[in-house]
Amino acid sequence: MQKNIKIGLALGGGGARGLAHLGVLKVLNREGIKIDYICGVSMGSIIGALFALGLDLAAIEKEILKYNKKTKIMQIADIDFFSRKSILKGVKPYQFIEKFIYSEAQFTDTIVPFSIVATDLNTGDEAILKEGNILEAVKASSCVPGIFPPVKIGTDYYIDGGVVNPTPVDVVSEMGADLVIAVDLVVKKKEDIENPNFFNTLMRSYDIIRAQAVKFKMSQVGDSIVLIKPDMGGIVDSFKFDNMDRFIKVGEEAAEAMLPEIRKRISEI
C-alpha cells in the first residue's frame with residue numbers, strides 16, 4: 001500500500017529517447033504508484049501532457065509505433081530551405097502532436113498538477129509554464145534550438161526547456177512532492193563514439209552541457225529523488241525516431257529495475 005505521501009514525476013528531455021517515458025509510465029500505472037505532481041521538459045513535456053490529461057497511453061503508444069519507419073517519419077519532417085530561422089519549419093511535427101493533445105487543452109484540464117519548463121529566449125531564464133494553453137507550452141518546451149523556430153507566447157519567444165533545466169527535479173520538489181521520481185535521459189557514463197560527424201558531435205555536446213545542469217539541480221534537491229536512467233545502448237542521436245519501440249521497452253526495463261528502490265523510499269517517508 002502506498003502511504004499518504006506526495007509523489008512527483010520529473011520527465012526529462014532527450015528527443016526520440018524521451019519515448020522511454022511511456023515505458024516508465026506503463027510500469028508505474030501497472031504497479032499502482034500514484035503520481036501527484038508532474039513536470040516535463042521537451043519530449044518529457046509531450047509525454048507528461050498526455051499523462052496529466054488522463055489520455056489512453058496504450059492507444060497513444062499503438063498510434064506512435066505506426067511511425068516507426070524512416071519513410072513514415074519523413075512524412076512529418078518539413079525542411080525549411082528559405083527562412084534561415086531553423087532546419088525544420090515545425091508545422092508538420094506539431095500537427096502530429098496535435099493528434100494526441102487537443103489544441104484547446106488548458107492546464108486547468110489536467111487530472112494532476114502539471115507544469116512545463118521552457119527557456120525564455122530573450123532573458124535566458126527558466127520559464128515554468130503552468131497556465132493557459134498546454135499545446136503552446138509543449139511546443140515552446142520542445143523547440144530544439146536551430147532545429148525548430150522559436151515559439152512565441154504572448155510577447156515572448158521560447159526555446160527548449162532542456163537548455164536550462166533538462167530534468168526538472170527541483171520544479172517537481174517545489175510543487176510539493178515528498179519523493180521525486182526522475183526519468184533522466186542526458187546524464188550518461190562514458191560513451192565510445194566512432195567517427196563522429198557534425199550532427200552527432202553537436203547533439204552530443206548539447207547533451208554534455210545539459211548533463212552538468214541536471215547534476216546541479218539534483219544536488220539542490222538532495223536525497224528525495226529516485227533516478228530512473230533508461231539504457232539507450234549507446235544511442236546518442238536524439239532524432240533516431242526509427243527506434244521508437246526500443247526506447248519504450250528500455251523505459252519499461254529501467255522502471256522495473258528501480259521498483260524495489262521506489263518502494264523502499266516510499267516506506268521510509
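At what angle do α1 and α2 pack, and how far apart are their axes? In this predicted model, the angle is about 35° and the axes lie 10 Å apart. That pair is a good place to begin a walk through the chain, and we will come back to both helices as we go.

Let us first set the scene. The secondary structure comes to nine helices and eight strands. The chain has 269 residues, and buried residues make up 54% of them. If you look at the contacts with a separation of 6 or more, 76% are accounted for by residues 24 or more positions apart.

Back to the opening pair. As you turn the model, you will find that α1 passes α2 in a right-handed crossing. On the α1 side, the contact is made by His 21, Leu 22, Leu 25 and Asn 29; α2 answers with Met 43, Gly 44, Ile 47 and Phe 51. Sorted by class, this contact has five nonpolar residues, three polar ones and no charged ones.

Now keep α1 in view and look for a second partner. Helix α1 covers residues 20-30 and helix α3 covers residues 57-64. Their axes come within 11 Å and cross at roughly 155°, and α1 and α3 are therefore roughly antiparallel to each other, since angles over 145 degrees count as such. The crossing of α1 past α3 is left-handed. Here α1 contributes Leu 22, Leu 25, Lys 26 and Asn 29, while α3 brings Leu 57, Glu 61 and Ile 64. The residues of this contact divide into four nonpolar, one polar and two charged. It is worth pausing on Leu 22, Leu 25 and Asn 29: these residues of α1 take part in the contact with α3 and also in the contact with α2.

Helix α2, for its part, has another neighbor. With α2 at residues 43-52 and α6 at residues 134-141, the two axes come within 8 Å and cross at roughly 155°. This again makes for a roughly antiparallel pair, because the angle is over 145 degrees. This time the crossing is right-handed. The residues that make the contact are Ser 45, Ile 46 and Ala 49 from α2, together with Ile 134, Val 138 and Ser 141 from α6. Four of these residues are nonpolar, two are polar and none is charged.

How many of the residues of α2 are buried? The count is 10 of the 10, so α2 is largely enclosed by the rest of the structure. The buried residues include Met 43, Gly 44, Ile 47 and Phe 51, which we met in the contact with α1, and also Ser 45, Ile 46 and Ala 49, which belong to the contact with α6. Just after α2, Gly 54 takes a positive phi of about 75°.

While you are at α6, have a look at Lys 139, which has its place in this helix. Is Lys 139 buried or exposed? With a relative accessible area of 13%, Lys 139 is buried. Leaving aside residues up to four places away in sequence, Lys 139 touches Tyr 94, Glu 98 and Val 151.

Let us finish with charged pairs. Side chains of opposite charge can pair when their charged atoms come close. The structure holds 13 salt bridges, and a good one to start with joins Glu 31 to Arg 30, with the closest N and O atoms 2.9 Å apart. Glu 31 also forms a salt bridge with Arg 263, where the closest N and O atoms are 2.5 Å apart. This second pair links distant parts of the chain: Arg 263 sits in helix α9 (residues 244-268) and Glu 31 in the loop between α1 and β2, 232 residues apart. Glu 31 is partly exposed at 29% relative accessible area, Arg 30 is partly exposed at 49%, and Arg 263 is partly exposed at 43%. Together with Glu 256, these residues are linked in a network of salt bridges.

Further along α9, the side chains of Lys 264 and Glu 268 meet in a salt bridge of 2.8 Å, N to O. Why are Lys 264 and Glu 268 separated by about one helical turn? They are four residues apart in helix α9. An α-helix has 3.6 residues a turn, so residues three or four places apart point the same way. Lys 264 itself is partly exposed, with a relative accessible area of 41%.

How values were computed: Residues are numbered from 1 along each chain as its sequence is written. This is a predicted model: local features need pLDDT of at least 70, side-chain atom pairs count only at pLDDT 80 or more; totals for chains, interfaces and linings use all residues. Side-chain values use heavy atoms; hydrogens and water are left out. Axes are lines fitted to C-alpha atoms, for helices over the stretch in contact, and angles run from 0 to 180 degrees between N-to-C directions. Helices (H or I, at least four residues) and strands (E, at least two) are DSSP runs, numbered from the N terminus. Angles under 35 degrees count as roughly parallel, over 145 as roughly antiparallel, 65 to 115 as roughly perpendicular and the rest as oblique. A crossing is left-handed if the near helix is turned anticlockwise from the far one by less than a right angle, and right-handed if clockwise. Contact means heavy atoms within 4.5 Å. Ala, Val, Leu, Ile, Met, Phe, Trp, Tyr, Cys and Pro count as nonpolar, Asp, Glu, Lys and Arg as charged, and the others, Gly among them, as polar. A salt bridge is a side-chain nitrogen of Lys or Arg within 4 Å of a carboxyl oxygen of Asp or Glu. Buried means under 20% relative accessible area, exposed over 50%, partly exposed in between (1.4 Å probe, protein chains only).
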